[in-house]
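Welcome to this tour! Keep your viewer open, and get ready to select residues as we go from stop to stop.

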Amino acid sequence: MAFDIDLIQKVYEQLPGKVTAARKLLGRPLTLAEKTLYSHTYEAPTRAYGRGHDYVNFSPDRVAMQDATAQMALLQFSTCGRDKVAVPSTVHCDHLIQAKTGAVADLATAMDVNKEVYDFLASISNKYGIGFWRAGAGIIHQVVLENYAFPGGMMIGTDSHTPNAGGLGMIAIGVGGADAVDVMAGLPWELKMPKLIGVKLTGKMSGWTSAKDIILKVAGILTVKGGTGAIVEYFGEGADSLSCTGKATICNMGAEIGATCSMFGYDEKMADYLRGTNREHVAQLANAVYKDLRADQEVYDNPEAFYDLLLEINLDSLEPYVNGPFTPDLATPISQMAAALKEHGWPEDVEVALIGSCTNSSYEDISRSAFIAKNAMDKGLKAKSEFTITPGSEMVRFTIERDGMLDTFGKMGGVVLANACGPCIGQWARHVTDPNKKNTIVTSFNRNFAKRNDGLSSTHAFVASPEIVTALAISGKLSFNPLTDKLKNEHGEEVMLDEPVGFEMPPNGYAVEDAGYHAPAVDGSKVQVLVDPASDRLQLLQPFSGWDGKDMTGLKLLIKAFGKCTTDHISMAGPWLKYRGHLDNISNNMLIGAINAFNMDTNKVKNQLTGEYGEVPAVARAYKAKHMGSIVVGDENYGEGSSREHAAMEPRHLGVQVILVKSFARIHETNLKKQGMLAITFCEKTDYDKIQEDDSIDIIGLTTFAPGDQLTLVLNHKDGSKEEIKVNQSYNEQQIEWFKAGGALNVIRRNVAAEPVA
């Protein structure tokens with residue numbers, strides 16, 4: 001069905017005029033991203049905005065939240081004084097289901113274990129006019145693609161892989177919950193005007209190569225931070241040849257290069273997908289403004305003049321990639337994997353192969369993998385690795401079951417998991433005999449940081465397309481190249497797997513009996529939000545205190561994090577997901593995965609009050625109990641990965657006042673600012689080395705805090721000596737107000753309270 005058709009129609013009615021005005025304002029042809037951005041400014045733009053420099057207020061069309069992040073977002077929204085969300089919003093219950101034995105049993109367990117959280121989310125959604133997708137309905141990004149995404153729209157979502165909707169030509173950006181609160185409250189949403197990276201795709205894929213291999217190659221080129229602060233725009237004949245869901249896979253995993261989002265121009269493949277998912281009217285509306293849903297022709301003719309960076313990939317010669325381990329940008333072509341294994345000493349045996357997730361769970365993905373599974377069995381082959389399948393939505397699951405694919409996987413020995421995130425986010429009760437043994441798993445997921453999937457640092461996780469993952473499951477070896485290598489079947493014969501064949505969409509159409517959607521009450525004023533005061537999973541929020549108007553002095557160094565410190569290191573998922581609605585309880589996982597630069601251990605830092613070493617949250621609580629502020633020091637791209645705002649709220653809750661790093665990942669920096677934290681960067685990155693374990697630190701210059709001004713950091717060393725270093729900050733006037741007020745939510749409350757009564 002087509003949701004919010006009146007909103008979509010209004011966007012398309014206004015789009016041509018807004019694009020024309022923007023083209024006149026900039027005085028040149030426009031890229032697709034520019035058309036969409038300038039048509040979604042909160043107020044009509046009066047000048048061209050500087051890419052990577054100017055902060056701009058936008059007005060997104062909708063908000064989506066998954067159950068783990070929705071808890072905190074909606075707890076915050078419930079305190080801001082609004083009776084109903086100002087834009088269409090949805091909650092999707094996909095993160096809290098643990099993969100253990102199989103879809104039916106795992107879902108039943110989740111419904112029991114998470115009942116109070118699901119009841120809370122259902123009730124608060126019902127009260128504030130939010131659409132609710134119950135557990136089992138599917139993964140947020142797949143459900144959004146199937147029901148809500150539309151070309152030329154703009155949305156934000158409280159999950160870092162929200163950009164998945166770019167596969168349908170949408171600017172879709174992952175944010176923290178406080179950003180979602182702004183938009184749901186009807187306020188402007190602030191974003192630094194992104195830079196633009198163009199990726200021209202020529203040729204056409206064939207054989208074993210899939211859309212996943214495009215983004216795996218791009219990740220290898222740009223690295224995990226190469227897309228930071230930028231929108232990646234794909235175009236060219238190769239782009240138009242990709243299925244809509246293939247495009248979504250590429251946009252989804254764009255989060256792994258730090259991109260603000262990724263997107264494709266509207267084309268016939270998108271129109272086909274809209275029609276196939278019962279949104280014929282949306283396709284008709286989009287067709288009427290087709291030119292405004294693609295970049296201007298001059299951009300395609302001379303892309304070097306319009307993008308800050310331009311890449312070109314020839315799909316005719318692209319081969320499958322396998323990325324990893326431990327980082328999604330370590331890209332190895334399949335033809336070089338055997339040599340890489342020997343060079344690095346990675347475990348060759350594939351213990352588990354997993355396909356699906358929000359990245360690769362479309363009908364096309366599953367049908368190509370099912371073809372390989374059937375082809376293998378027809379040739380006398382069986383899977384040598386454990387093999388799991390995670391459908392992306394109930395619609396996809398129902399359809400592939402109807403079409404016999406689940407039966408094929410079952411005969412191969414595969415286990416179908418619930419329509420949920422599961423192993424992709426660490427919600428996986430993996431069965432291992434020796435957790436310390438080095439081992440290899442391969443997935444079609446998006447992210448493969450250490451401990452990400454199963455909590456084991458010994459696990460080497462590699463990312464590839466569903467087709468390649470299925471082939472590796474059959475061979476049982478990471479060194480296997482299905483393009484060239486033969487396998488010995490049960491009869492002792494050497495056989496090769498055929499090239500995969502699949503369907504972009506089901507030949508007999510999609511089908512579903514119950515998609516899992518619940519519409520909210522028309523009038524939610526009498527709906528009671530269900531929160532038990534004695535709950536250890538849900539906790540009503542208290543506002544953070546505002547700045548005291550003074551420079552910060554005597555801050556205790558809590559931890560100096562060494563190397564990669566993602567939001568998984570700062571606030572782990574897995575078993576900790578159960579506390580996502582209880583700030584105090586989940587704060588007990590704060591920075592327990594970060595490596596302490598002074599001893600290279602995790603969760604072991606010096607307590608300056610006692611001289612003893614303790615767990616990071618415990619030491620932070622000790623400082624807080626003595627009314628002492630603390631500071632966290634970090635390395636490059638601090639906070640990369642998930643959008644989870646808990647990684648910002650937990651330090652705030654435990655008395656951390658400052659995060660000082662070499663550089664920030666975009667979403668995390670914004671989340672810190674939203675919570676009233678001081679997020680600053682070294683002016684000279686080598687000054688990171690000057691921070692000593694027993695330092696007390698002062699921040700000077702806050703009394704005259706202004707955009708662009710440097711601050712002074714005074715390092716008070718244990719031996720009585722002092723050092724001063726300069727640090728940078730990127731706060732604008734509005735963000736400084738957040739800092740002074742103690743967080744953006746306090747500003748919202750203040751503004752709502754000041755509104756005249758109607």
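How many bridges join β22 to strand β25 (residues 630-634)? Select both strands and you will find four bridges, with the two strands running parallel. Before moving on, please note that this is a predicted model, in which local features need pLDDT of at least 70 and side-chain atom pairs count only at pLDDT 80 or more, while totals for chains, interfaces and linings use all residues. Residues are numbered from 1 along each chain as its sequence is written, and side-chain values use heavy atoms, with hydrogens and water left out.

**Stop 1: strand β22**

Helices (H or I, at least four residues) and strands (E, at least two) are DSSP runs, numbered from the N terminus. Two strands pair if DSSP finds at least two bridges between them. Within the pairing of β22 and β25, click on I559 and look across to V632 in β25, which stands opposite. Next, add strand β28 (residues 696-700), which pairs with β22 in the antiparallel sense over three bridges. Here K556 is the residue facing S696 of β28.

Now colour β22 (residues 552-560) by accessibility: seven of its nine residues are buried, so the strand is mostly covered. Buried means under 20% relative accessible area, exposed over 50%, and partly exposed in between (1.4 Å probe, protein chains only).

**Stop 2: T260**

Select T260, in the loop between α10 (244-253) and β10 (261-264). Is T260 buried or exposed? With a relative accessible area of 2%, T260 is buried. Show what surrounds T260, counting as contact any heavy atoms within 4.5 Å. Leaving aside neighbours within four places in sequence, the contacts of T260 include P163, L191, G227 and R666. Another of them is A230, whose C-alpha is 5.4 Å from that of T260, although the two are 30 residues apart in sequence.

**Stop 3: salt bridges**

Side chains of opposite charge can pair when their charged atoms come close. A salt bridge here is a side-chain nitrogen of Lys or Arg within 4 Å of a carboxyl oxygen of Asp or Glu. The whole structure has 39 of these salt bridges.

Stay in the loop between α10 and β10 and pick E256, whose side chain meets that of R447 in a salt bridge (2.5 Å, N to O). R447 sits in the loop between β17 (439-443) and β18 (459-463), so this pair links parts of the chain 191 residues apart. Both R447 and E256 are buried.

Then try K379 and D498, with their closest N and O atoms 2.8 Å apart. K379 lies between α15 (363-378) and β15 (386-390), and D498 between β20 (494-495) and β21 (517-518), 119 residues apart. K379 is partly exposed at 24% relative accessibility, and D498 is partly exposed at 34%.

Finally, select E640 and K564, which form a salt bridge of 3.2 Å, N to O. E640 is in the loop between β25 and α22 (646-653), whereas K564 is in the loop between β22 and α19 (567-570), 76 residues away. E640 is buried at 7% relative accessibility, but K564 is partly exposed at 31%.

**Stop 4: cysteines**

How many disulfides does the structure hold? There are zero, where a disulfide is a pair of cysteine sulfur atoms within 2.5 Å. Select C93, which is buried at 0% relative accessibility: the closest cysteine sulfur, in C421, is 11 Å from its own, too far for a bond. For C565, also select C424, which holds the closest cysteine sulfur at 20 Å, again too far.
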